[in-house]
Amino acid sequence: MTGRGIVWVACAYLAGTLPSTWLVAKAARAGQVQSEARRRAGEADPHVLITKYLDWRWAALASTSDVLKGFLFILAARELGGLTSPWLAAAGVAVVLGHTFPPYLTRWAGRGLAASAGLLLVLLPVEMVIAGLLYLVGALLRASGLFSTVGFASIPLTAAIRGQPAAFVVMGVLILGILVVRRLEGVTSVVRSGVPWRRAVLYRAVFDASFRPNTPRPRRHPVDPAADPATDQ
């Protein structure tokens, strides 16, 4: 099982690197998306740009593709690979790592939410549905960054309460950690704009924003375009 498990985990990472947003932007011939996409600014996240410059169908295609790559691979790993819970958990973490930290087309890397949602719908469906509902509440309250954090933080807690395998609980914690680390990219530019380090880290890690949510940016502090909030995939 060890050798087979390692192969599946390695393939999970590669599956996570599938550049869905890049493929969609190419298919739509969206030059603005291709020229503006980059990692360190939430507003320059490919999903955000596709939503901004293209219609909802392209945005839905990009998001659905990212969800499906996590969903289908982990489903195959479970049903075809016959992996045990620890190996499935490792594969799930690998998918998210591939999605957020690919070795190629790095500026097209996602922020982790969509791929995570896909694999969690296979391994922890009840927990993911609860997280999804929290995210929808946040979207209605215009606080999706905060509620995405709360939602994903609830996954390992709910999994532990429901008696899920310990490996899945640890996986939930690791996925949350990856999402937070990914958000913190570019935090130094926020600090250079005049926001204190502690607040900059708090805003990015918890609210997925560059400034205090629901407040206007200070005009005297120009900063790289960053999520206010960056609520994407």
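**Figure 1. The cavity in this predicted model.** If you go looking for enclosed space of 30 Å³ or more, the structure holds one such cavity. The largest cavity takes in about 100 Å³. Which residues sit closest to its centre? Out of 18 lining residues, those are Pro19, His99, Trp108, Ala109 and Gly110. Helices α2 (20-28), α4 (46-53), α5 and α6 are the elements that each give two or more residues to the lining. Sorted by class, that lining comes out as eight nonpolar, eight polar and two charged residues.

**Figure 2. Helix α5 against helix α6.** Here we're looking at α5 (residues 56-79) and α6 (residues 85-100), whose axes come within 10 Å and cross at roughly 155 degrees. How are the two helices oriented relative to each other, parallel or antiparallel? An angle over 145 degrees counts as roughly antiparallel, so α5 and α6 fall into that group. The crossing of α5 over α6 is right-handed. On the α5 side, the contact is built from Asp66, Lys69, Gly70, Phe73, Ile74, Ala77 and Arg78. From α6 come Leu88, Ala91, Gly92, Val95 and His99. Put by class, this contact has six nonpolar, three polar and three charged residues.

**Figure 3. Helix α6 against helix α7.** Moving along to the next pair, α6 packs with α7 (residues 113-123) at an angle of about 165 degrees, and the axes are 9 Å apart. That angle makes α6 roughly antiparallel to α7. Once more the handedness is easy to state: α6 passes α7 in a right-handed crossing. Which residues meet here? Leu88, Gly92, Val95, Val96 and His99 are the α6 contributors, while α7 brings Ala115, Ser116, Leu119 and Leu123. The class split for this contact is six nonpolar, three polar and no charged residues. Keep an eye on His99 of α6: it takes part in the contact with α5, it takes part in the contact with α7, and it is listed with the residues closest to the centre of the largest cavity.

**Figure 4. The surroundings of Leu176 in helix α10.** Leu176 belongs to α10, which covers residues 166-183. What does Leu176 touch once its neighbours within four places in sequence are set aside? Its contacts are then Thr149, Phe152 and Ala153. For a sense of scale, take Leu176 and Ser154: they're 22 residues apart in sequence, and their C-alpha atoms are 9.7 Å apart in space.

Notes: Residues numbered from 1 in each chain as written. Predicted model: local features only at pLDDT ≥ 70, side-chain atom pairs only at ≥ 80, totals over all residues. Heavy atoms only, no water. Axes fitted to C-alpha atoms, helices over the stretch in contact; angles between N-to-C directions. Helix = DSSP H or I, 4+ residues; strand = E, 2+ residues; numbered from the N terminus. Parallel < 35°, antiparallel > 145°, perpendicular 65-115°, else oblique. Left-handed = near helix turned anticlockwise from the far one by under 90°. Contact = heavy atoms within 4.5 Å. Nonpolar A, V, L, I, M, F, W, Y, C, P; charged D, E, K, R; others polar. 1 Å grid on protein atoms, 1.4 Å probe; cavity = no way out; pocket = protein on both sides within 12 Å on 5 of 7 lines; lining within 4 Å. Points joined across faces, edges and corners; volume = space filled by probe spheres on them.
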